[in-house]
Amino acid sequence: MLPIYTDFIRHHILITALDDSQFNELQKGIHLHTYAPNDHLFAIGDKADRFYLLFSGQIKLYRVSVEGQEKVLEIIQPGGSFAEAIMFMDKQVYPANAQTLKPCEVISINAQLFRNLLESSPRSCFHMMADLSMRLHRRLNEIETLTLQNATYRVIRYLMALLPDHRDHQAIQLPASKRLIASQLAIQPETFSRILHRLKDEGIIEIEGRDISTNDYQLLVNYQ
């Protein structure tokens, strides 16, 4: 494996607390995969014996309802990890589907080997707990937003999460298609586009394709 991938793994938040001997042991269970757009990494119900770090590209985690409607759970960006929590479950199967949105380089790690190393690395356990706690907090916020707030609030909160600072005249790029983002926010794509254009018409944001810039951050925060 090229040093660029090894360095990426070595400094990932889930791995960095391992000492050198533990990391050398972990490398026995690490594989690099390349995928084309629309490839599937795993399907719901598959045996979950590996977890993943995304080096490049973009991956969606999703489920399909009994009516056949796709619900996007998360869009993984480079540097992100997924499926790591399953190693602590009694039934170790993937609870969602994973599909690439772009050409991807993905690192998979043997979950049982990593779990064995965690038992002798308290620091790594704390890093893992911090990562899972942060994800849980994010999920609770998402549940509150999806169940208690209207579509406009969801879109505004989503945009605010993308903004690096609390100031005017910031430029961001939507990380995925409007259809996928709408699915993640549990609204229709037309509703998502309509809300964006309403914000544009009122002078709060500017839109050009996936590029969005804010004219007035405080107006965005206070918009109802």
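**Figure 1. Overall view of the protein, with its eight helices and eleven strands.** The model shown here is predicted, and its C-alpha trace spans about 60 × 40 × 30 Å along the principal axes. Of the 224 residues in the protein, 43% count as buried. Among the contacts with a separation of 6 or more, 70% are accounted for by residues that stand 24 or more positions apart.

**Figure 2. Close-up of helix α1, which runs over residues 3-10 and includes Thr6.** The buried residues of this helix are Tyr5, Thr6, Phe8, Ile9 and Arg10, and what covers them includes the helix α2 (20-26) together with β1 (30-35), β3 (50-56) and β8 (104-110). Thr6 has a relative accessibility of 17% and therefore counts as buried, the cut-off for that class being under 20%. When residues up to four places away in sequence are not counted, Thr6 touches Met1, Phe23 and Gln27.

**Figure 3. Close-up of Leu54, a residue of strand β3.** With a relative accessible area of 0%, Leu54 is buried. Once its neighbours within four places in sequence are left aside, Leu54 is in contact with Phe8, Ile59, Ile76, Gln77, Pro78, Gly79, Gly80, Cys104, Glu105 and Val106. One of these contacts, Gln77, is 23 residues away from Leu54 along the chain, and the C-alpha atoms of the two are separated by 6.9 Å. Another residue on the list of contacts of Leu54 is Phe8, which is itself one of the buried residues of α1.

**Figure 4. Close-up of Ala43, in the loop between β2 (40-42) and β3.** The relative accessibility of Ala43 is 29%, so that this residue counts as partly exposed. Leaving aside neighbours within four places in sequence, Ala43 is in contact with Tyr94, Ala96 and Asn97. Ile59 lies 16 residues from Ala43 along the chain, and a distance of 13 Å separates their C-alpha atoms.

**Figure 5. Close-up of the largest pocket, whose volume is about 1400 Å³.** Of the 43 residues that line this pocket, those closest to its centre are Leu73, Glu74, Arg138, Arg139 and Glu142. Two or more residues of the lining are given by each of the elements β4 (59-64), β5 (70-76), β6 (81-82), α4 (122-148) and α5. Helix α4 gives the most to the lining of the largest pocket, with twelve residues. By residue class, the lining divides into 25 nonpolar, eight polar and ten charged residues.

**Figure 6. Close-up of two loop residues, Ala83 and His169, each with a positive phi although neither is glycine.** Ala83 is placed in the loop between β6 and β7 (97-100), and its phi is near 75°. The relative accessible area of Ala83 is 18%, and this residue is therefore buried, given that the class takes in values under 20%. His169 lies in the loop between α5 and β9 (171-173), where its phi is near 55°. At 60% relative accessibility, His169 counts as exposed, a class that begins over 50%.

**Figure 7. Close-up of helix α7, made up of the 13 residues 189-201.** At 1.5 Å a residue this helix should span 18 Å, and its end C-alpha atoms are indeed 18 Å apart, so the expected and the computed lengths agree. Thr191, Phe192, Ile195, Leu196 and Leu199 are the buried residues of α7. They cover an arc of only 135° around the axis, and they therefore lie on the same side of the helix. The elements against which these buried residues pack are α5 (151-162), α6 (178-184), β10 (205-208), β11 (211-214) and α8 (217-222). Following α7 comes Gly203, a residue whose phi is positive, near 80°.

Technical notes
Residues are numbered from 1 along each chain as its sequence is written. This is a predicted model: local features need pLDDT of at least 70, side-chain atom pairs count only at pLDDT 80 or more; totals for chains, interfaces and linings use all residues. Side-chain values use heavy atoms; hydrogens and water are left out. Helices (H or I, at least four residues) and strands (E, at least two) are DSSP runs, numbered from the N terminus. The expected span of a helix is 1.5 Å times one less than its number of residues. Buried means under 20% relative accessible area, exposed over 50%, partly exposed in between (1.4 Å probe, protein chains only). The arc is that of the directions from the helix axis to the C-beta atoms. Contact means heavy atoms within 4.5 Å. On a 1 Å grid over the protein atoms alone, a cavity is a set of points where a 1.4 Å probe fits but cannot get out, and a pocket is an open set with protein on both sides within 12 Å along at least five of seven lines; lining residues have an atom within 4 Å of a point. Grid points are joined across faces, edges and corners, and a volume is the space filled by probe spheres set on the points. Ala, Val, Leu, Ile, Met, Phe, Trp, Tyr, Cys and Pro count as nonpolar, Asp, Glu, Lys and Arg as charged, and the others, Gly among them, as polar.
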